[in-house]
Amino acid sequence: MAVHFVNITPQEFQEVALFKLIKENYIGSTLGSAKPYLYFANPASWSDAFEKRFINVLYKEGNNPLVDYPLKNKVFCSCFSHTRIVEAQWFVYSRTKKDELKGLIQLTFNNQQLLDELNRFNAENDADIYIGKVAYQETRKIKGRISKNNFLNVPKQFSLNCEESLIRLLLLKRNAFIAENEIRIIIVKKEPDLQSGIKLYYKCQPTDLISRITINDWFTTKGLKAQLESPIGQSINGLPCYGFTPVIDIKGKNHPRVVESHIYSHQHPKFVVV
């Protein structure tokens, strides 16, 4: 079965770059050469109670008895963005529960390569896959009756028996987060799985799946840039390198694949024009 698109067309998905923030301690599992994978979390494990409200509540439809969310423990999600740099994301996701800073990098994906990996996983596993663009709404509207929410009644009236209707619930988010411009990729398994998350191992090379890596001097460990862009097989201070070497165009010009964000860099202008 093909990958399904919700609130976004396949063409729109291909036309806009896709970004994902990950913590430095996941670099090895995401970019390493052994068995790299993308992690898809069970929404029930999300820390934001509002984000998982549709997973944990009971549903009343017509005269039927109360039921759990029909896809509970069957759905697993990985979150991306169509926006390159969002200050709040860098700041919030770099912190632990103890308010300690942790290293953070941003990955830019090759959309077609990612889609190929999703289609391969789809063909090899008994699962459905949805790529959905998040719909941002007022909190009161999200908390209101489902039958009154237009987004949840497209392309047809909401039903607990319709898989796409249930996926649309997971694409609702409060307006406070609209700057994230989020895309969610959701795997739906046929049988419940109580794991907190599942791994999508990809067969291509990480350097083919990831086109660019952005680091930030406030949130990234010093020396990581050299480690990321040095050839595979080398090591720096005993740590492995990941092979995101610069791309050389036909004119012989180098185009780095590991770049630095200057969102928090120190500014020292010589003068300011009035």
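A residue is called buried when its relative accessible area is under 20%, exposed when this area is over 50%, and partly exposed in between (1.4 Å probe, protein chains only). The structure described here is a predicted model, in which local features need pLDDT of at least 70 and side-chain atom pairs count only at pLDDT 80 or more, while totals for chains, interfaces and linings use all residues. Residues are numbered from 1 along each chain as its sequence is written, and side-chain values use heavy atoms, with hydrogens and water left out.

A good place to begin is with the charged side chains. Side chains of opposite charge can pair when their charged atoms come close. With a salt bridge taken as a side-chain nitrogen of Lys or Arg within 4 Å of a carboxyl oxygen of Asp or Glu, the structure holds 14 of them. In one, Glu51 and Lys173 meet at 3.8 Å, N to O. This pair links distant parts of the chain, 122 residues apart: Glu51 lies in the loop between strand E3 (37-41) and H3, and Lys173 in strand E10 (residues 172-174). Helices (H or I, at least four residues) and strands (E, at least two) are DSSP runs, numbered from the N terminus. Both Glu51 and Lys173 are buried.

A second link between distant parts of the chain joins Lys203 and Glu124, whose side chains form a salt bridge of 3.8 Å, N to O. Lys203 sits in the loop between strand E12 (197-201) and helix H8 (206-209), and Glu124 in helix H5 (residues 111-124), 79 residues away. Lys203 counts as exposed because its relative accessibility is 58%, whereas Glu124, at 48%, counts as partly exposed.

Arg140 and Glu138 also meet in a salt bridge, at 2.8 Å, N to O. Arg140 has a relative accessible area of 65% and is therefore exposed; Glu138, with 41%, is partly exposed. Elsewhere, salt bridges that share partners join Glu51, Lys173, Glu180, Glu182 and Arg184 into one network.

Attention now turns to a pocket. The second largest pocket has a volume of about 410 Å³. Of its 18 lining residues, those closest to the centre are Lys60, Arg145, Ile146, Ser147 and Phe158. A pocket is an open set of points on a 1 Å grid over the protein atoms alone, where a 1.4 Å probe fits, with protein on both sides within 12 Å along at least five of seven lines; lining residues have an atom within 4 Å of a point. Grid points are joined across faces, edges and corners, and the volume is the space filled by probe spheres set on the points. Helix H3 (53-56) and strand E4 (58-59) each supply at least two residues of this lining.
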